[in-house]
Amino acid sequence: MPYLALLDDTRVIPPQVDDGETVSCPVCEQPMAVVKSHERGNAFISRHFRHHEQEQRSEISTKSGQVTFDDLATTGECPGESDEHLKMKSIAYARLEHDFPDATVELESGVGDRIADVLVTFDEPCHPYGKGIAVEAQYRNHGKDIEAVTEHYLDREYSVAWLDEADFTEYDVDLSGMLTVWPYVLPSRTGTEGYPDVTRWLWQEKSVSVSMEVPIPGEFWASFDKSGEWVTVAQRRIRQKGRAWVTISRSPTENLTFQLGKKDWGWNADTHRVTVQLEQSDCAELRSFVETLQPKAFGQERPSEAEREHPWHDLTTAWLAGSPRVTAWLSASLSPDGDVVLSLGKKHPKETDRVTVQVDESVVPALRELTDLLETAFEIESG
């Protein structure tokens with residue numbers, strides 16, 4: 001999907017081009033038009049370019065002539081070219097323009113002596129964002145002092161969003177990790193310098209602590225009985241930006257279970273998960289899986305491009321005990337793009353359930369911790 005074009009021999013991205021303008025593709029030099037931001041179901045599609053040939057083959061268009069239709073099959077056609085950093089800024093711009101239609105959204109605009117990749121400014125301070133939102137898109141460039149830059153924006157009452165490749169899909173961006181002015185710039189209570197006397201007085205302890213033993217009725221404790229319910233034992237994120245997790249739970253039938261889950265991008269997105277039953281022998285299988293995953297996926301044993309099987313390269317698999325009628329497994333693979341992907345599946349006599357999740361290196365300590373907790377849970381049960 002093209003996010004880069006030439007206009008009068010100048011590189012431009014979609015937010016810099018007016019509706020109805022014709023630009024040229026930097027790869028095939030053919031004319032392209034602007035496709036405005038729109039929603040497709042629950043998904044957000046950011047403003048982008050499309051070759052004229054693709055438009056002419058579609059009968060779908062708006063009254064203004066601005067194309068807002070679903071992607072066309074483009075076998076054998078030029079995909080265009082996108083500088084990844086420019087593409088990230090373009091998608092972020094389109095998302096913010098969509099979410100804050102009454103605000104001013106600018107590319108590479110300044111707050112003091114800092115230039116944000118995308119800057120949102122409100123006419124009046126807006127809760128919880130303050131005066132605006134500064135977006136920094138990090139593409140293979142981590143040279144900025146994130147702490148200092150973040151403090152710079154927050155001190156000037158601007159929220160800040162640090163975005164990297166993991167936050168983006170093909171058309172959309174996840175802004176849930178934004179640091180907003182409220183509550184991140186509230187003053188720390190550890191220091192009282194500069195506050196009015198009455199405020200400092202209110203923070204002081206006014207009375208000594210009092211303790212008293214109160215017997216709790218047995219009926220109250222009985223209300224915490226969780227038999228017949230799903231009870232979460234532990235849950236860990238397996239991707240730094242969230243939306244993917246592993247969970248150990250106790251089922252209503254008193255069995256320990258392992259779940260892999262993820263949530264799709266976009267508003268009101270669907271959640272996908274698969275849960276398998278575990279036996280005590282699975283602890284050793286999971287621990288072996290994690291210790292193999294670390295070097296093969298993120299360490300020195302990771303295969304080079306030439307060494308991989310294509311399109312998918314299997315790294316390691318843990319075969320779980322499952323149940324008499326169910327076969328279960330946890331596997332790790334490298335995708336065609338070189339991403340590490342975790343898959344949990346179980347095969348019934350008539351069907352197979354599977355969920356697949358892209359992960360990062362945080363998956364290793366997360367699985368180690370859950371395996372430790374799982375061993376403890378089985379030890380308590382057997383004791």
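Which residues in helix 3 (residues 146-155) are buried? In this predicted model, the buried residues of helix 3 are Val-149, Thr-150, His-152, Tyr-153 and Leu-154. Directly after helix 3 comes Glu-157, with a positive phi of about 65°. Glu-157 takes this value although it is not a glycine, and its place is in the loop between helix 3 and strand 11 (158-163). Glu-157 counts as partly exposed because its relative accessible area is 39%, and the partly exposed class runs between 20% and 50%.

The overall composition of the model is as follows. Eight helices and 19 strands are present in the protein. Of its 383 residues, 40% are buried. Among contacts with a separation of 6 or more, 50% are between residues 24 or more positions apart. The exposed area of the protein is about 22,200 Å², and 48% of this area is supplied by carbon and sulfur atoms.

Nonpolar side chains in soluble globular proteins tend to be buried together. In this model, the largest nonpolar core contains 38 residues. Ile-238, Phe-289, Leu-342, Leu-344 and Leu-367 have the most contacts inside this core. The element that gives the most to the core is helix 8 (residues 363-382), which supplies eight residues. Another core, of 23 residues, lies apart from the largest one and includes Leu-96, Val-120, Phe-122 and Val-135. When neighbours within four places in sequence are left aside, Phe-289 is in contact with Leu-342 and Leu-367, and also with Thr-316, Thr-317, Ala-318, Leu-330, Ser-331 and Ala-332.

Ala-318 is also among the contacts of Ala-328, a residue of strand 17 (residues 326-334). With a relative accessibility of 1%, Ala-328 is classed as buried, because the class holds residues under 20%. Beyond its neighbours within four places in sequence, Ala-328 is in contact with Val-276, Trp-319, Leu-320, Gly-322, Gly-345 and Lys-346, as well as Ala-318. Between Ala-328 and Thr-275 the C-alpha to C-alpha distance is 9.5 Å, with 53 residues of separation in sequence.

A second buried residue is Ser-90, which has 0% relative accessibility and lies in helix 2 (residues 84-99). Not counting residues up to four places away in sequence, Ser-90 touches Tyr-3, Ile-13, Pro-14, Pro-15 and Arg-47.

Strand 13 (residues 244-250) pairs with two other strands, strand 12 and strand 14. Six of the seven residues of strand 13 are buried, so that the strand is mostly covered. Strand 12 (residues 231-237) runs antiparallel to strand 13 and is joined to it by six bridges. Across this pairing, Ala-234 stands opposite Ile-248. The pairing of strand 13 with strand 14 (residues 256-263) is also antiparallel and extends over seven bridges; here Val-246 stands opposite Leu-260.

Strand 13 and strand 14 form a hairpin with five residues between the strands. Glu-254 is found in the loop between these two strands. Its phi is positive, about 70°, although Glu-254 is not a glycine. Glu-254 has 42% relative accessibility and therefore counts as partly exposed.

Most residues other than glycine have a negative phi, and most peptide bonds are trans. Cis peptide bonds occur in the model at two prolines, Pro-128 and Pro-311. The bond from His-127 to Pro-128 has an omega near 0°, and Pro-128 is found in the loop between strand 9 (114-126) and strand 10 (130-137). The bond joining His-310 and Pro-311 has an omega of about 5°. Pro-311 is located in the loop between helix 7 (282-298) and strand 16 (313-323).

On the surface, a nonpolar patch is formed by Val-198, Trp-201 and Leu-202. Together these residues have about 340 Å² of accessible area. Leu-202 is placed in helix 5 (residues 197-203). Leu-202 counts as exposed because its relative accessibility is 56%, and the exposed class begins over 50%.

Conventions: Residues are numbered from 1 along each chain as its sequence is written. This is a predicted model: local features need pLDDT of at least 70, side-chain atom pairs count only at pLDDT 80 or more; totals for chains, interfaces and linings use all residues. Side-chain values use heavy atoms; hydrogens and water are left out. Patches are made of residues with over 30% relative accessible area and no salt bridge: like charges are joined within 9 Å, nonpolar side chains (Val, Leu, Ile, Met, Phe, Trp, Tyr) within 5 Å. Accessible areas come from the Shrake-Rupley method with a 1.4 Å probe; for residues, only the protein chains shown count as cover. A salt bridge is a side-chain nitrogen of Lys or Arg within 4 Å of a carboxyl oxygen of Asp or Glu. Helices (H or I, at least four residues) and strands (E, at least two) are DSSP runs, numbered from the N terminus. Buried means under 20% relative accessible area, exposed over 50%, partly exposed in between (1.4 Å probe, protein chains only). Two strands pair if DSSP finds at least two bridges between them. Contact means heavy atoms within 4.5 Å. A nonpolar core is a set of buried Ala, Val, Leu, Ile, Met, Phe, Trp, Tyr and Cys residues joined through side-chain atoms within 4.5 Å.
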